[in-house]
Amino acid sequence: MRVERFKMEREGLVEEGQEVEISERSAVTGQYTYLVEPSIAMSGIYRTSDRIHSRKGIIQKIEKTDKGFYLLVETAD
């Protein structure tokens, strides 16, 4: 299991324990970003060796900070 962090701008779009779909966006540079669909939250940048292979995950926690909301999503890889 692996837990990844995604930035979410607005609260109330998802709930803890909810299963979500994850899509991958890649660039020619070998760097990848991920979206919790439908465009609810976005990851940071990952290198090829750190890619997220799972396309589904479970929201473990929603954190509220001064900079916005963060989803902690558990994936199978």
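**Charged and aromatic side chains across the strands**

Arg-51 lies over the face of Tyr-32, at 4.4 Å from the ring centre. This placement, like all that follows, is taken from a predicted model. Arg-51 belongs to the loop between β5 and β6 (56-65), and at 22% relative accessibility this arginine counts as partly exposed. A charged end over a ring is also found at Arg-5, which sits over Tyr-70 at 3.9 Å from the centre of the ring.

Arg-51 is also engaged with a carboxylate, since its side chain meets that of Glu-24 in a salt bridge with an N to O distance of 2.9 Å. Glu-24 is part of strand β2 (residues 19-26), and the pair links distant parts of the chain, the two residues being 27 residues apart. Glu-24, at 23% relative accessibility, is likewise classed as partly exposed.

Side chains of opposite charge can pair when their charged atoms come close. The structure holds seven salt bridges, and one of them joins Arg-2 to Asp-77, with the closest N and O atoms 3.9 Å apart. Because Arg-2 is located in strand β1 whereas Asp-77 is in the segment after β7 (68-75), this pair ties together parts that are 75 residues apart in sequence. The two partners fall into separate accessibility classes: with a relative accessible area of 19%, Arg-2 lies under the 20% limit and is therefore buried, while Asp-77, with a relative accessible area of 25%, is partly exposed.

A further salt bridge is formed between the side chains of Arg-25 and Glu-37, at 3.4 Å from N to O. Arg-25 is in strand β2 and Glu-37 in the loop between β3 and β4 (41-42), so that this bridge ties together parts of the chain 12 residues apart in sequence. Both residues retain some accessibility, Arg-25 being partly exposed with a relative accessible area of 41% and Glu-37 counting as partly exposed at 22%. Returning to Arg-2, salt bridges that share partners join this residue, Glu-4 and Asp-77 into one network.

The surroundings of Arg-2 can be described in further detail. Strand β1, in which this residue lies, spans residues 2-8, and the side chain of Arg-2 makes a polar contact of 2.3 Å with the side chain of Glu-4. When neighbours within four places in sequence are left aside, the contacts of Arg-2 comprise Tyr-46, Asp-50, Arg-51, Ile-52, Val-73, Glu-74, Thr-75 and Asp-77. Arg-51, described above for its position over Tyr-32, is thus also in contact with Arg-2.

For Arg-25, with neighbours within four places in sequence again set aside, the residues in contact are Gln-31, Tyr-32, Thr-33, Leu-35 and Glu-37. Tyr-32, the ring over which Arg-51 lies, is therefore among the contacts of Arg-25 as well. The side chains of Arg-25 and Glu-37 also satisfy the terms of a polar contact, at 3.4 Å. The C-alpha atoms of Arg-25 and Leu-35, which are 10 residues apart along the chain, are separated by 7.8 Å.

The strand pairing gives the backbone setting for several of these residues. Strands β1 and β7 run antiparallel and are joined by seven bridges, and within this pairing Glu-4 stands opposite Val-73 in β7. Strand β7 also pairs with β6 in the antiparallel sense, over seven bridges, where Val-73 is the bridge partner of Ile-59. The strands β6 and β7 form a hairpin with two residues between them. Strand β7 is mostly covered, seven of its eight residues being buried.

A pair of aromatic rings is described by the distance of the centres and the angle of the planes. One aromatic pair is counted in the model, formed by Tyr-34 and Tyr-46 in an edge-to-face arrangement, with 5.4 Å from centre to centre and 80° between the planes. Tyr-34 is located in strand β3 (residues 31-36) and Tyr-46 in strand β5 (residues 46-47), and the pair links distant parts of the chain, 12 residues apart. Both tyrosines are buried, and Tyr-46 additionally appears among the contacts of Arg-2.

Methods:
Residues are numbered from 1 along each chain as its sequence is written. This is a predicted model: local features need pLDDT of at least 70, side-chain atom pairs count only at pLDDT 80 or more; totals for chains, interfaces and linings use all residues. Side-chain values use heavy atoms; hydrogens and water are left out. Helices (H or I, at least four residues) and strands (E, at least two) are DSSP runs, numbered from the N terminus. Buried means under 20% relative accessible area, exposed over 50%, partly exposed in between (1.4 Å probe, protein chains only). A polar contact is a pair of N or O atoms within 3.5 Å; within protein, one must be able to donate a hydrogen and the other to accept it, and residues adjacent in sequence count only if both atoms are side-chain atoms. Contact means heavy atoms within 4.5 Å. Rings of Phe, Tyr and Trp (its six-membered ring) pair if their centres lie within 6.5 Å; planes under 30 degrees apart count as stacked, over 60 as edge-to-face and the rest as tilted. A charge sits over a ring if NZ of Lys or CZ of Arg is within 6 Å of the ring centre and within 35 degrees of the ring normal. A salt bridge is a side-chain nitrogen of Lys or Arg within 4 Å of a carboxyl oxygen of Asp or Glu. Two strands pair if DSSP finds at least two bridges between them.
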